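Open the structure in your viewer and keep the selection tool ready. The tour goes from one selection to the next and says what is found at each stop.

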Amino acid sequence: MSIRHRRHFAPIGALSSALVAAGLLLGVPGARAEDNPEMTSAQQELEAAKGHLQGALHDYGGHRQTALEHVNKALEQVRMGLASVQHKERRVEKKENKLEKRLEGLKGREEHLKQ
């Protein structure tokens, strides 16, 4: 087969590869913050606990303040965890968009070759 014929079939092979890659990427559900109800619930419960600790009348020998510091640290960790999920989701969306644009380009090339 000549080089000319190989170039003719190359976009079709690339199209198949792109379709497989897009299917794999699009078939994997993204991790979304709203898809993590346990983390969201924990954040709400920690906020409520923080309010109760702040509203307590006694210092309880410094333990109330220490508990409040631990709750604040826990809230920070929950927020960071949810933020990391959102960051990962944005990266997946960028990859999906890039693959979709590439797929559209390959489809256009395939249509051009059919003519």
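Start by selecting two groups of residues: Met39, Gln43, Leu46, Glu47, Lys50, Leu53 and Gln54 in α2, and Arg64, Ala67, Leu68, Val71, Asn72, Ala74, Leu75, Val78, Arg79, Gly81 and Leu82 in α3, which the first group meets. Contact here means heavy atoms within 4.5 Å. The residues of this contact divide into ten nonpolar, four polar and four charged. In this count Ala, Val, Leu, Ile, Met, Phe, Trp, Tyr, Cys and Pro are nonpolar, Asp, Glu, Lys and Arg are charged, and the others, Gly among them, are polar.

Some ground rules before going on. This is a predicted model, in which local features need pLDDT of at least 70 and side-chain atom pairs count only at pLDDT 80 or more, while totals for chains, interfaces and linings use all residues. Residues are numbered from 1 along each chain as its sequence is written, and side-chain values use heavy atoms, with hydrogens and water left out.

Next, show α2 and α3 as ribbons. Helices are DSSP runs (H or I, at least four residues), numbered from the N terminus. The two pack at an angle of about 155 degrees, with their axes 10 Å apart; axes are lines fitted to C-alpha atoms over the stretch in contact, and angles run from 0 to 180 degrees between N-to-C directions. α2 and α3 are therefore roughly antiparallel to each other, a label for angles over 145 degrees.

Now select Met39, in helix α2. Leaving aside neighbours within four places in sequence, Met39 is in contact with Val78, Gly81 and Leu82. Met39 and Gly81 are 42 residues apart in sequence, yet 8.4 Å apart in space, C-alpha to C-alpha. Met39 is partly exposed, at 32% relative accessible area (buried is under 20%, exposed over 50%, partly exposed in between, with a 1.4 Å probe and protein chains only).

How many salt bridges does a search of the whole structure find? There are two, each a side-chain nitrogen of Lys or Arg within 4 Å of a carboxyl oxygen of Asp or Glu.

Select Glu47 and Arg79, whose side chains meet in a salt bridge at 2.6 Å, N to O. Glu47 lies in helix α2 (residues 37-55) and Arg79 in helix α3 (residues 63-114), so the pair ties together parts 32 residues apart in sequence.

Finish with Lys114 and Glu111, which form a salt bridge with their closest N and O atoms 4.0 Å apart. Lys114 is exposed at 59% relative accessibility, whereas Glu111 is partly exposed at 44%.

Note on methods
Parallel < 35°, antiparallel > 145°, perpendicular 65-115°, else oblique.
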